[in-house]
Amino acid sequence: MESVKLFGTWFSPYSRRVEMALKLKGVEYEYIEEDLKNKSPDLLKYNPVHKKVPLLIHNGKPISESLLILEYIDETWPGPAILPSDPYERSMARFWAKFLDEKCPPAMTRACMRTGEEQEKAYEEAIEVLTFLENELIGKKFFGGDTIGLVDITANLIAHWHRFFEEFSEIMQPPLITKEKFPNICEWVNDYTNCSFVQENLPEKDKLAQLYKARIQAAKAATQ
Ligand SMILES: N[C@@H](CCC(=O)N[C@@H](CS)C(=O)NCC(=O)O)C(=O)O
């Protein structure tokens, strides 16, 4: 009997990516909610390098790092493909997924949470990053084409989490993601969040809003 365990945290866009991929493939799994302030012995044992969620344990074998887990899921279970089969398209999907991880969170969170010159610089960086993504969506419904793929799953932060940063960051004027500036991204957010397996795996709005409100206030208090 196959055993699939996922160690995650409800508010983590990284662990939600893995849940989306497992749901997309129809894989049954046991979900274990981690308290990141008091990490479980299993998390420390099976992810000793990073000590982070998500952590997938398949038949006793651990896999960490969300992008690697997504590829593992795609190669292990049948069902809708997460990565394209064409080698060039595969490498492009990996390129944009890596770009999203490396470039988006730093610029977008600093644009919402910092002040003064640092915030202005991060805002400009975030516009640049989002413009690349806007152009990637020209003529496409999803980053993956007609269906959701690796880049769409990776971009869940932009689709859901980002709006809470914007909402509670009074310093972010003008707003970052608008229909006027990024029409393709806004349409993508709508199509993406309307897919049932995505919707089922997004954290509850009010709970997430409270968490980010508290984080943004704490970040502001620390800089005053
Ligand atoms: N690069 C990792 C990032 C995962 C990550 O940052 N996880 C956070 C939760 S959102 C975590 O476990 N943090 C615990 C810590 O930093 O001690 C991935 O893609 O899986």
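User: How many cavities of 30 Å³ or more does a search of the whole structure find?

Analyst: One. The model is predicted. The largest cavity has a volume of about 60 Å³.

User: What makes that space a cavity rather than a pocket?

Analyst: In a cavity a 1.4 Å probe fits but cannot get out, whereas a pocket is an open set of points. Rolling a probe the size of a water molecule over the atoms shows where empty space is left. The space of about 60 Å³ is listed as a cavity, so by that test the probe has no way out.

User: Which residues line the largest cavity?

Analyst: Pro13, Tyr14 and Arg17 are among them. Leu100, Asp101, Cys104 and Pro105 also belong to the lining, as do Thr154, Ala155, Leu157 and Ile158. H1, H4 and H7 each supply at least two residues. H4 gives the largest share, four residues.

User: How do you know how the cavity lining divides by class?

Analyst: Each residue is sorted by type: Tyr, Cys and Pro count as nonpolar, for example, while Asp and Arg count as charged. The result is eight nonpolar, one polar and two charged residues. Under that scheme Asp101 and Arg17 are charged, and Thr154 is polar.

User: What is known of the largest pocket, by volume and by lining?

Analyst: About 540 Å³ of space lies in the largest pocket. The lining holds 21 residues, with Ser12, Pro13, Tyr14, Lys52 and Val53 nearest the centre. Ten of the lining residues are nonpolar, five polar and six charged. H1, helix H4 (87–113), helix H7 (156–168) and helix H10 (205–223) each supply at least two residues. With three residues, H4 gives the most.

User: Why is the peptide bond between Val53 and Pro54 called cis?

Analyst: Omega is about 5° there, and the bond that joins Val53 and Pro54 is cis. Most peptide bonds are trans. Pro54 sits in the loop between helix H2 (41–46) and E3.

User: What makes the phi of Lys51 worth a look?

Analyst: Phi of Lys51 is near 55°, a positive value in a residue other than glycine. Most residues other than glycine have a negative phi. Lys51 also lies in the loop between H2 and E3.

User: What is the strand order of the sheet, and why are E2 and E4 its edges?

Analyst: The order is E2-E1-E3-E4, in an open sheet with mixed pairing. Strand E2 (30–33) and strand E4 (61–64) each have a single partner strand, so one side of each is left without a neighbour in the sheet. From one strand to the next, the twist averages 20°.

User: How do you know that E3 and E4 pair?

Analyst: Two strands pair if DSSP finds at least two bridges between them. Strand E3 (residues 55–58) and E4 have four bridges, in the antiparallel sense. The threshold is met, so they count as paired. Leu55 stands opposite Ser64 in E4.

User: Which helices lie on the sheet, and at what angles?

Analyst: Helix H3 (residues 66–76) packs on the sheet, touching E3 and E4, and its direction makes about 30° with that of E3. Helix H1 (residues 13–25) lies across strand E1 (4–8), E2 and E3, and runs at about 155° to E1.

User: Which residues does the "domain: GST N-terminal" annotation cover?

Analyst: The UniProt annotation, from an unreviewed entry, covers residues 2–81. Over that range the chain is 38% helix and 21% strand. The end C-alpha atoms are 21 Å apart.

Definitions and conventions. Residues numbered from 1 in each chain as written. Predicted model: local features only at pLDDT ≥ 70, side-chain atom pairs only at ≥ 80, totals over all residues. Heavy atoms only, no water. Axes fitted to C-alpha atoms, helices over the stretch in contact; angles between N-to-C directions. Contact = heavy atoms within 4.5 Å. UniProt positions renumbered as here; feature names shortened; annotations may be inferred. 1 Å grid on protein atoms, 1.4 Å probe; cavity = no way out; pocket = protein on both sides within 12 Å on 5 of 7 lines; lining within 4 Å. Points joined across faces, edges and corners; volume = space filled by probe spheres on them.
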